[in-house]
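Reader: Hello! I am new to this structure and would love a close look at one part of it. Could you walk me through it gently?

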Amino acid sequence: MKIIKVLIVDDEVDIRELLVFYLSEKFTIQHSEAGNVNDAIKLIDKAILENAPFDVCISDFNMPGGKGTKIFEHIINNNIKLPFVYATSVDDKELKFSDKFKVTRVNKPFQEDDIYNAVASLLLESNSEILNLNQDKNEKKISNYSPISIDSLIFLKLINYSLYVKINEESYVKVSYPKTVFSNENYNHYVEKNIKQLYLLSSDYKELVNSFAQKVNSSLFLKIEDEEEFQQFKLSEQIQKFITDIFDQFGWSKELEEIAVANLKNIIYLAQKNKNLKKLLNSINFEKMNKASAHCVLNSITSIVLMKEFNFPVEDYKFIGFAAFFHDNSLSDYIIENEFKFYQTLIQKRPNYKDELKMLISHPNDSVSALTRAGFTPELVKTIILQHHEKPDGSGFPNGIKENLINEYSAVFIIAEHLTFAFLEHVNWSDLKSEWEKYQYLNVGKFSKYYNSIKNLLVSE
Ligand SMILES: [Fe+2]
Ligand SMILES: [Fe+2]
């Protein structure tokens, strides 16, 4: 069984750990970690001096103290045989590639398969080791237990699953029960016995890695990698004007407008920065406003204004903002703009429009699935999207749940979307008020407190 020596470089310890998890699931690895470019270069040189060079290096791009390209340049300049993987969300043109040196990239946030494919393809190219890799993979599949290093255990601390010690290929002994803390004492105990790894049931290991990945990926998606670049990022004039018009129309304050704009800027920047999300948004043009982008922008700023008015925590604005951008990602521009009317018409004309109706009813689920495929995992965002057509009286879709099952944040989003539809129908202020009165079905249970605040928002000038 071939052991692969990996150098993992990232300033975020969580991401390094996730890479260790992903790699260990597919390969037998021995790994070193660096948190910055200089440490990485030192480790590479040291390994060569000790005649035990790394087989592959996986590196972040944006790190304090130097970009990941510096490591690759070091490899080129010193003619080092070290396959290199960029793990980053930045554009290809910011990276450095080479025909003579093995190099590839994966998008951040990455999935397990992205990492496996990148590493396997580089190693295959370098020394046709793929047979060994696959053999290795198969061996791991056969076993019901998966190894986890004691370093990972001390890093995770709280372990939700039983741990085992391996006696031989067939027998494993349980040494701890679910939901126990892996303490320094535990760690030292195993170090003394020269035990470097314990085992989990493979199904538990999968679950542990998945939930850790979800946590890491959610924070990744919501993090600005390059603060300087973000400062230079501006919303297009069209969006800016669109928003100012809306705030004037609603008679909402400049302060509210600034909050909404700041959040919107953040969300659009992050969504466009990430290749997977950008693809999902490709029908939406944020330079020139089209129907879909107007719908998203309108929903997102209205939701954020409502969050502010209803005193939701500031740090949660982004979740509803993201939901606004992706809630209809599986619908066409035309349908997005006419969603509500479309739904009414289809219901009336059924069964002649069975397929259209089906598509409309499944779009909350479809939009969530597309986000999941793109690796975007914040639970709250998914919940809001899944529930965005539910109504508090149970007359909504896809599940027809009532207000007690509708998430607080979904509730705000549902109200915001109604408000934006009312707004699209009636640019005139007093008409808007009367249009809003039509949504009496929103005045149910916990929604009614919002309903009254909305009235105030609409009435005060
Ligand atoms: Fe929708
Ligand atoms: Fe919508």
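Reader: What distance separates the centres of domain 2 and domain 3, taken over C-alpha atoms? Please take a close look at domain 2 for me, and tell me what surrounds it along the chain.

Author: Happy to! Please keep in mind that this is a predicted model. The centres of domain 2 and domain 3, taken over C-alpha atoms, are separated by 44 Å. Along the chain, domain 1 covers 1-142, domain 2 covers 143-211 and domain 3 covers 222-459.

Let us start with strand 6, residues 145-149. Ser-146 and Ile-148 form its covered face, while Tyr-145, Pro-147 and Ser-149 make up the uncovered one. As background, side chains in a regular strand alternate between the two faces of the sheet. Strand 6 has a partner, strand 11 (residues 197-201), and the two pair in the antiparallel sense over 5 bridges. Within strand 11, Leu-201 is the residue that stands opposite Tyr-145.

Now for the surroundings. Helix 5 (residues 130-142) has the lowest confidence in the chain, with a mean of 52, whereas strand 3 (residues 56-59) has the highest, at 98. For the chain, the mean pLDDT is 87, and 93% of its residues reach 70 or more.

On the other side, helix 10 (residues 237-250) packs with helix 13 (residues 291-309) at an angle of about 50°, and their axes are 11 Å apart. The two helices are therefore oblique to each other, and the crossing of helix 10 and helix 13 is right-handed.

Definitions and conventions. Residues are numbered from 1 along each chain as its sequence is written. Chains are lettered from A and ligands numbered from 1 in the order in which they are written. This is a predicted model: local features need pLDDT of at least 70, side-chain atom pairs count only at pLDDT 80 or more; totals for chains, interfaces and linings use all residues. Domain bounds come from an automatic or database domain assignment. A residue is buried if 20 or more other C-beta atoms lie within 10 Å of its own, exposed if 12 or fewer, and partly exposed in between; C-beta atoms are placed from the backbone. Helices (H or I, at least four residues) and strands (E, at least two) are DSSP runs, numbered from the N terminus. Two strands pair if DSSP finds at least two bridges between them. pLDDT is the predictor's confidence in each residue, from 0 to 100. Axes are lines fitted to C-alpha atoms, for helices over the stretch in contact, and angles run from 0 to 180 degrees between N-to-C directions. Angles under 35 degrees count as roughly parallel, over 145 as roughly antiparallel, 65 to 115 as roughly perpendicular and the rest as oblique. A crossing is left-handed if the near helix is turned anticlockwise from the far one by less than a right angle, and right-handed if clockwise.
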